[in-house]
Amino acid sequence: MKNRIKELAHKYAPEFIAIRRHIHANPELSFQEFETSKYIQQQLDTFGVKYTAGIAGTGIVAIIEGKNPAKKVIALRADIDALPITEANDVPYKSLNSGIMHACGHDVHTTCVLGATRILQELKDEFEGTIKILFQPGEEKHPGGASLMIKDGALENPRPDAILGMHVQPSMEAGLLGFRAGQYMASADEIYINIKGKGGHAAQPHLTTDIILVASHLVVSLQQVISRNNNPFSPSVLSICAFNGGYTTNVIPSEVKLMGTFRAMDETWRFKAHEIIKKQATELAHAMGAEIEIDILVGYPCLYNNEEVTERSRTLAGEYLGQEHVQDTEVRMGAEDFAFYSQIIPACFFRLGTGNVAKGITSGVHTPTFDIDERAIETGIGTMAYLATQI
């Protein structure tokens, strides 16, 4: 099976590089991936793969049944949306949609899973079980397309025994893969704080509630939420990233708005911290004579890589590529809505190396110069297909 998949991945690599370039050149924003979804459906029709469209809007769920379909069900997931970034690359496949770019590699994820789908369809009489393929919209936008796919029943009928997903990693050379079992990526919640008080002349602060001062104390105070309350062996981050208030040099404003993000690697601590943030901010503002409104928008949960599934995937990746091409990867405080799947069924989310220092392909994701060494496509296609049949 391994040699057969390698042969097909190599054979189809040029075709799927072209598919990736088409998707890259035609990016669409979260939950607006109408043409992307149609294009994926056209490819599935060509492969002869059964699917259901319209899941969570533009999402697709495809099914490939091998021998003895009930023996196991393995799901593969690809996200299909792009970002509101203007591409700066001068390449033939540069984005044709102004202000929109596949700057996070979702074009690569979609292409690799499509390629694996073609191989799996071709080899369906040679493996046991069922493969369920999820093409998911809206990873980049709250509430996350994964949560909506789940609500629409993407993990039911049949329910997968495990789910696999990948993400590009520009800092890792093409041809390499990275794995980490256990807690892998952080939860991500948005913090919105609105502080109000009596404004007035800057020369008469005693007649005002100086909410610039209140907000400044609050920004500093909130750093104690983690340093004095969280277990230091459990990573967590609270960053206030926007401080908006005032408009001139001699007026104390009547309103200041703060915005920030809170990240955690533990779901229990995550929600405990929400209460501490609200209590601490409210009491501080009231003690200084201000009014305060706090809204914490609950986002993606922690991403947990099931130990058994991840270690098995790592071993299989080593069998497929050679152990020298498989690395351990670090815990990340970034967030990913694949985490919703990982909270429900055993999951493995791994990294696909896409960089090439020698060729100058080093730009990070979410930048206007992000691109990949396209040799990674063959690696991604083959690895996904092999893991799906052997996990």
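**Figure 1. The positions that a UniProt record lists for "binding site", shown on a predicted model.** In an unreviewed entry, UniProt lists C104, H106, E140, H167 and H366 for "binding site". These residues are spread over 263 residues of sequence, yet they cluster in space, with a largest C-alpha distance of 13.1 Å. From this set, C104, E140, H167 and H366 take part in the lining of the largest pocket. The structure in this and the following views is a predicted model.

**Figure 2. Close-up of C104, one of the listed positions.** C104 is placed in the loop that runs between strand β3 (73-79) and helix α3 (106-122). Its relative accessibility is 6%, and because buried means under 20%, C104 counts as buried. When residues up to four places away in sequence are not counted, C104 touches L83, H109, E140, H167, V168, V365, H366 and F370, and E140, H167 and H366 are themselves among the positions that UniProt lists.

**Figure 3. Close-up of H366, another of the listed positions.** The loop between β16 (347-355) and α9 (375-390) holds H366. With a relative accessible area of 41%, H366 is partly exposed, whereas C104 is buried. Leaving aside neighbours within four places in sequence, the contacts of H366 are L83, I85, A103, C104 and E140. L83, for its part, is also touched by C104.

**Figure 4. Salt bridges of R270, which has both D189 and E267 as partners.** The closest N and O atoms of R270 and D189 are 2.6 Å apart. Since R270 lies in helix α6 (residues 267-287) and D189 in strand β8 (residues 187-196), this pair ties together parts that are 81 residues apart in sequence. Both partners are buried, R270 with a relative accessible area of 2% and D189 at 0% relative accessibility. In the salt bridge between R270 and E267, the closest N and O atoms are 3.0 Å apart. These two residues are three residues apart in helix α6, and are therefore separated by about one helical turn. E267, at 23% relative accessibility, counts as partly exposed.

**Figure 5. A further salt bridge in helix α6, between E283 and K279, and a network elsewhere in the list of pairs.** The closest N and O atoms of E283 and K279 are 3.0 Å apart. Because E283 and K279 are four residues apart in helix α6, about one helical turn separates them. E283 is partly exposed, with a relative accessible area of 46%, while K279, at 52% relative accessibility, counts as exposed. In addition, R20, R21, D107, D371 and E374 are joined into one network by salt bridges that share partners. A search of the whole structure finds 19 salt bridges.

**Figure 6. The largest nonpolar core, with I119 among its residues with the most contacts.** This core has 64 residues, and those with the most contacts inside it are L44, L76, I119, I131 and F135. Not counting residues up to four places away in sequence, I119 touches I5, L8, A9, Y12, I381 and A385. A second, separate core has 25 residues, including V214, V225, L238 and I296. As general background, nonpolar side chains tend to be buried together in soluble globular proteins.

Note on methods
Residues are numbered from 1 along each chain as its sequence is written. This is a predicted model: local features need pLDDT of at least 70, side-chain atom pairs count only at pLDDT 80 or more; totals for chains, interfaces and linings use all residues. Side-chain values use heavy atoms; hydrogens and water are left out. A nonpolar core is a set of buried Ala, Val, Leu, Ile, Met, Phe, Trp, Tyr and Cys residues joined through side-chain atoms within 4.5 Å. Buried means under 20% relative accessible area, exposed over 50%, partly exposed in between (1.4 Å probe, protein chains only). Contact means heavy atoms within 4.5 Å. A salt bridge is a side-chain nitrogen of Lys or Arg within 4 Å of a carboxyl oxygen of Asp or Glu. UniProt positions are given in the numbering used here, feature names are shortened, and annotations may be inferred rather than shown by experiment. On a 1 Å grid over the protein atoms alone, a cavity is a set of points where a 1.4 Å probe fits but cannot get out, and a pocket is an open set with protein on both sides within 12 Å along at least five of seven lines; lining residues have an atom within 4 Å of a point.
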